[in-house]
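Thanks for sharing this one. Here are my notes, set out as numbered points so you can follow along in the viewer.

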Amino acid sequence: MLYDLQIIFAVARLAITLGFLLYSSWSDYKTREVSNRVWAFFAPIAIILSLTELILYDSSQLSLYGISVGVTVGFAFLLFYTGAFGGADSKAFMCIAFALPFFPSIIITPLLSEGLSPLSQMVFPITILSNSVLVAALSSIYLFTRNLVKRSTSGQPLFEGTLSNESTGKKILVLITGKKFPLEVLKEKWHIYPMEDIEETEDENQVKRKLVIVPKEEERDQILSRLTKASQIGKINAKVWATPGLPMLIFVTIGLILALIVGDIIWILITNIVR
């Protein structure tokens, strides 16, 4: 009976995690924003369920729970303050740590035996993070392939005018993170950021176009205004390089599902390479 109740706790923790992540992923996709109320509800429910289960069934794991939460929160803050993660992404990982500090082996086992890595058993959210990053990287492969196919089928250069003078490194970064959008789309969808800007030159009929690798939100409107003005007077065409931004919470949700079904993908790759 006690074992059955522990399973109920584990199922509840996993269910609320998937539920909140699915909702936040939908919100992230639709608006690129997630209300703080999501985390305000998620966090206390996760903490109560986790601590209650540990106190009733395995109090010796309380210190490990604190370590897992502490490591995850530390990573979340680091990724947020370095600009790698948005606020919602960081809060999501903190809440995941509260709910799923360790792999829920009491209710599920990965399909691959080597998928249950030591890291998964100690700090499960970091496994989810690594899986998420790998999944997100696949979008870069898609964008790069799409841009090359577009270049091949259209016969048009990828980088026109003075953009052709930009460094190879900048061009590659643009190819794996962005694509060309009509300016009208950028005006309608605020989460799409321009990856190019213009500078006026001494020749009134010419503009110097340049690539912007790390678009800043506070500069978006000014850049878009300059691009629109240049397009209206015929100095540039109506399509510019831009990045839609990654809806990271979708990748986090996929990363969790993969971690549950397949396991720690990086650990699987490492163990198969060193065999």
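1. Which residue's side chain meets that of Arg209 in a salt bridge? The partner is Glu160, with N to O at 3.5 Å; a salt bridge here is a side-chain nitrogen of Lys or Arg within 4 Å of a carboxyl oxygen of Asp or Glu. The pair links distant parts of the chain, 49 residues apart: Arg209 is in strand E4 (residues 207–211), and Glu160 is in the loop between helix H6 (124–154) and helix H7 (168–177). Helices (H or I, at least four residues) and strands (E, at least two) are DSSP runs, numbered from the N terminus.

2. A word on the basis of these notes: this is a predicted model, in which local features need pLDDT of at least 70 and side-chain atom pairs count only at pLDDT 80 or more, while totals for chains, interfaces and linings use all residues. Residues are numbered from 1 along each chain as its sequence is written, and side-chain values use heavy atoms, with hydrogens and water left out.

3. Is Arg209 buried or exposed? Arg209 counts as buried because its relative accessibility is 8%, whereas Glu160 is partly exposed at 21%. The cut-offs are under 20% relative accessible area for buried and over 50% for exposed, with partly exposed in between (1.4 Å probe, protein chains only).

4. The whole structure holds eight salt bridges. One of them joins the side chains of Glu53 and Arg13, at 2.7 Å from N to O. This pair also connects distant parts of the chain, with Glu53 in helix H2 (residues 36–57) and Arg13 in helix H1 (residues 2–31), 40 residues apart. Both Glu53 and Arg13 are buried.

5. Arg226 pairs with Asp197 in a salt bridge, their closest N and O atoms lying 2.8 Å apart. Here helix H9 (residues 220–232) holds Arg226 and strand E3 (residues 196–200) holds Asp197, with the two positions 29 residues apart in numbering. Arg226 is partly exposed at 35% relative accessibility, and Asp197 is buried at 7%. Elsewhere, shared salt-bridge partners join Glu160, Lys180, Glu196 and Arg209 into one network.

6. Do look at the largest pocket, which has about 1800 Å³ of space. A pocket is an open set of points on a 1 Å grid over the protein atoms alone, where a 1.4 Å probe fits, with protein on both sides within 12 Å along at least five of seven lines; lining residues have an atom within 4 Å of a point. Volume is the space filled by probe spheres set on the points, which are joined across faces, edges and corners. Of its 48 lining residues, Tyr193, Pro244, Gly245, Leu246 and Pro247 lie nearest the centre. H6 gives the most to this lining, with seven residues.

7. The second largest pocket has a volume of about 350 Å³. Its lining has 17 residues, and the buried pair from point 4 returns here: Arg13 and Glu53 are among those nearest the centre, along with Leu54, Phe102 and Phe103. H2 gives the most to the lining, with four residues.

8. Finally, Ser24 sits in helix H1 and counts as buried because its relative accessibility is 0%. The side chain of Ser24 reaches the backbone oxygen of Leu21 at 3.0 Å. Leaving aside residues up to four places away in sequence, Ser24 touches Val34, Trp39 and Leu249, where contact means heavy atoms within 4.5 Å.

Notes. A polar contact is a pair of N or O atoms within 3.5 Å; within protein, one must be able to donate a hydrogen and the other to accept it, and residues adjacent in sequence count only if both atoms are side-chain atoms.
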